[in-house]
Amino acid sequence: MNKNKRFFGSTVGVGYISIMLIFTVICLTILAVLSFQAVYSNDRVSSRSEIFTQEYYDSDAAAKSTLARLDLAAVQAVEGFSFEESFMTAAAEIDGVSTAMVPGGVRADYSVRINDRQYLAVSVEFHADSSNGRYDVLEWRSVTRDSTEESSPAAASWYSTPGNRRIKV
């Protein structure tokens with residue numbers, strides 16, 4: 001009888017250990033698959049973010065290039081007889097720029113394409129009297145097509161540069 005008690009005692013059988021081992025392997029496999037899926041998802045998001053950032057800075061550089069051309073036209077227009085007429089004539093030669101006379105100068109508006117859904121809207125007021133700077137940037141923001149809401153976190157920040165009083169970027 002002692003022999004049977006030892007044989008049928010409270011020992012754990014091999015089947016129970018095998019089931020626990022299989023369960024553990026399945027759980028670890030599921031966690032590994034979920035980890036790889038999260039990494040893949042993060043990689044896709046960061047890739048799209050990198051592409052958008054590059055597109056935004058390319059359009060920002062193009063907008064600054066247009067602003068530089070308009071600034072050069074303003075410098076040359078100051079030397080002419082009528083600042084407004086000379087500037088509007090010179091700005092008309094730059095693609096995509098529309099101008100309108102405002103008290104004390106001329107407002108120039110233009111936009112630069114960021115991607116298929118967004119563009120960079122720019123509005124700049126050039127002054128006939130450059131004692132307070134040649135121009136003020138009134139608007140510089142990314143806009144979603146058919147929308148006027150800002151889509152860039154930097155769109156509400158202000159900074160100053162030489163030659164103007166303020167820039168809204």
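Asp109 forms a salt bridge with Arg107, and the closest N and O atoms of the two side chains are 3.0 Å apart. The two partners are alike in one respect, their partial exposure: Asp109 has a relative accessible area of 22%, and Arg107 has one of 29%. This pair is a handy place to begin a walk through the structure, which is a predicted model. Confidence should be kept in mind along the way. The pLDDT of the chain averages 81, and 79% of the residues score at least 70. Over residues 148-169, however, the pLDDT is below 50, although this stretch has 54 contacts in the model beyond near neighbours in sequence.

The structure holds five salt bridges, and two others deserve a closer look. In one of them, Lys64 is paired with Asp60, with 3.2 Å between the closest N and O atoms. Both residues belong to helix H2, where they are four residues apart, about one turn of the helix. Their surroundings can be told apart by accessibility. Lys64 is partly exposed, at a relative accessible area of 41%, whereas Asp60 counts as buried because its relative accessibility is 8%, below the 20% cut-off.

The other bridge joins Asp71 to Arg134, whose closest N and O atoms are 2.6 Å apart. Here the pair links distant parts of the chain, 63 residues apart: Asp71 sits in helix H2, and Arg134 sits in the loop between S3 and strand S4 (135-144). Asp71 is buried, with a relative accessible area of 14%. Arg134, at 29% relative accessibility, is partly exposed.

Helix H2 spans residues 14-78 and also includes Leu34. This leucine is one of the residues of a nonpolar patch on the surface, made up of Ile22, Ile26, Leu28, Ile30, Leu31 and Leu34. Together these side chains and their residues present about 590 Å² of accessible area. Leu34 itself is partly exposed, as its relative accessible area is 47%; residues need over 30% to be part of such a patch, so Leu34 qualifies on that count.

Helix H3 (residues 83-92) offers a view of the interior, with Phe83, Glu84, Phe87 and Ala91 as its buried residues. These four lie on the same side of H3, because they cover an arc of only 90° around the helix axis. Exposed residues are found on the face of H3 turned away from the buried side, namely Glu85, Thr89 and Ala92. On the buried side, the packing partners are H2, strand S1 (98-102), strand S2 (105-113) and S3. Helix H3 thus has a buried side facing other elements and an opposite face that carries exposed residues.

Strand S3, one of the elements against which the buried residues of H3 pack, runs over residues 118-127 and contains Gln118. Gln118 is buried, with a relative accessible area of 7%. Its C-alpha atom is 6.6 Å from that of Ser142, and the two residues are 24 positions apart in sequence.

Methods:
Residues numbered from 1 in each chain as written. Predicted model: local features only at pLDDT ≥ 70, side-chain atom pairs only at ≥ 80, totals over all residues. Heavy atoms only, no water. pLDDT = per-residue confidence, 0-100. Contact = heavy atoms within 4.5 Å. Patch = residues over 30% accessible without salt bridge, like charges linked within 9 Å, V, L, I, M, F, W, Y side chains within 5 Å. Areas by Shrake-Rupley, 256 points an atom, 1.4 Å probe, with all protein chains shown as cover. Salt bridge = Lys/Arg side-chain N within 4 Å of Asp/Glu carboxyl O. Helix = DSSP H or I, 4+ residues; strand = E, 2+ residues; numbered from the N terminus. Buried < 20%, exposed > 50% of the residue type's maximum accessible area, 1.4 Å probe, protein only. Arc of directions from axis to C-beta.
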